[in-house]
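This report concerns a protein model and its bound ligand. The sequence and structure are shown first, followed by notes on the backbone, the ligand site and the surrounding pocket.

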Amino acid sequence: MTLNERSFRDAMARFATGVTVVAAVDPAGNPCGMTANSVASVSLVPPMVLVCVDQESSSHDLIMDAGAFAVSVLGTEHEGMARRFAGKSQEERFPGLRYETGTTGSPILEGALAWLDCRVWKCMTAGDHTIVIGEVQDCGAREGAPLVFFKGSFQRPVW
Ligand SMILES: Cc1cc2nc3c(=O)[nH]c(=O)nc-3n(C[C@H](O)[C@H](O)[C@H](O)COP(=O)(O)O)c2cc1C
């Protein structure tokens, strides 16, 4: 067995996840965000979630500076959004998209399967990422099928 970046990526790629957009507001008041699947539930009381953000990503400092973020959980119909928030430049992500503003001021994508509006509670450096723990201020959910990421591809499981 050889542990290297490839074997680590291959192993983690077998861990099927949901897909989210983690979004905040930049210092100029514009919405910004990125596709993220490293979201996890942390605590029930008080409700907390975490997301691991690459320190090299443009979203990293924007989320830190905002002190708040919203997680929008994507449905099967949102693959285009997932690609846009992972591939396009920050300026090309939100134009034309409908979103609401949560109590923290963070953008919540219209039609999200679920959403969590969070204030940053604590951040911890972990290798090349930062674990951002958010205390959930508000959340919501609707019925629908989730977009899934598995082995490097978006999947639409029959629900
Ligand atoms: C399905 C999927 C999940 C991703 N999850 C994360 C994640 O959890 N954390 C992260 O830092 N980047 C993640 N990325 C990569 C970012 O979305 C991507 O690097 C994006 O371009 C970052 O943009 P930015 O540098 O403008 O912030 C993911 C990408 C995809 C396609």
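## Backbone geometry

Pro 46 is placed in the loop between β4 (40-43) and β5. In this predicted model, the peptide bond leading from Val 45 to Pro 46 is cis, and its omega is near 0 degrees.

A second backbone feature occurs at Lys 151, a residue other than glycine whose phi is positive, near 50 degrees. Lys 151 belongs to the loop between β11 and β12 (153-155). For context, most peptide bonds are trans, and most residues other than glycine have a negative phi.

## Ligand shell

The ligand is surrounded by 17 residues, and the closest of them are Ser 38, Asp 54, Ser 58, Ser 59 and Ala 86. Classified by residue type, this shell holds 8 polar, 7 nonpolar and 2 charged residues. Two strands, β3 (31-36) and β5 (48-54), and two helices, α2 (58-66) and α3 (79-87), each contribute at least two residues to the shell.

## Backbone contacts and burial of the ligand

Which ligand atoms lie 2.8 Å from a backbone N or O atom of Thr 35, Cys 52 or Asp 54? For Thr 35, the partner at 2.8 Å from a backbone N or O atom is an oxygen atom of the ligand. For Cys 52, a backbone N or O atom lies 2.8 Å from a nitrogen atom of the ligand. For Asp 54, a backbone N or O atom is 2.8 Å from an oxygen atom of the ligand. The protein buries 77% of the 640 Å² that the ligand exposes when taken alone.

## The largest pocket

Where is the ligand located? The ligand sits in the largest pocket, whose volume is about 1,300 Å³. The lining of this pocket comprises 40 residues, and those nearest its centre are Ala 36, Asn 37, Ser 38, His 129 and Phe 149. Ser 38 is also among the residues closest to the ligand.

The lining of the largest pocket divides into 21 nonpolar, 10 polar and 9 charged residues. Helix α1 provides the largest share of the lining, with 7 residues. The elements that each supply at least two lining residues are α1 (5-13), β1 (17-18), β3, β5, α3, β9 (114-126), β10 (129-141) and β11 (148-150). Of these elements, β3, β5 and α3 also supply at least two residues each to the shell around the ligand.

Notes. Residues are numbered from 1 along each chain as its sequence is written. This is a predicted model: local features need pLDDT of at least 70, side-chain atom pairs count only at pLDDT 80 or more; totals for chains, interfaces and linings use all residues. Side-chain values use heavy atoms; hydrogens and water are left out. A residue is near a molecule or strand if one of its heavy atoms lies within 4 Å of it. A polar contact is a pair of N or O atoms within 3.5 Å; within protein, one must be able to donate a hydrogen and the other to accept it, and residues adjacent in sequence count only if both atoms are side-chain atoms. Accessible areas come from the Shrake-Rupley method with a 1.4 Å probe; for residues, only the protein chains shown count as cover. On a 1 Å grid over the protein atoms alone, a cavity is a set of points where a 1.4 Å probe fits but cannot get out, and a pocket is an open set with protein on both sides within 12 Å along at least five of seven lines; lining residues have an atom within 4 Å of a point. A molecule sits in a cavity or pocket if more than half of its atoms lie within 2 Å of its grid points. Helices (H or I, at least four residues) and strands (E, at least two) are DSSP runs, numbered from the N terminus. Ala, Val, Leu, Ile, Met, Phe, Trp, Tyr, Cys and Pro count as nonpolar, Asp, Glu, Lys and Arg as charged, and the others, Gly among them, as polar. Grid points are joined across faces, edges and corners, and a volume is the space filled by probe spheres set on the points.
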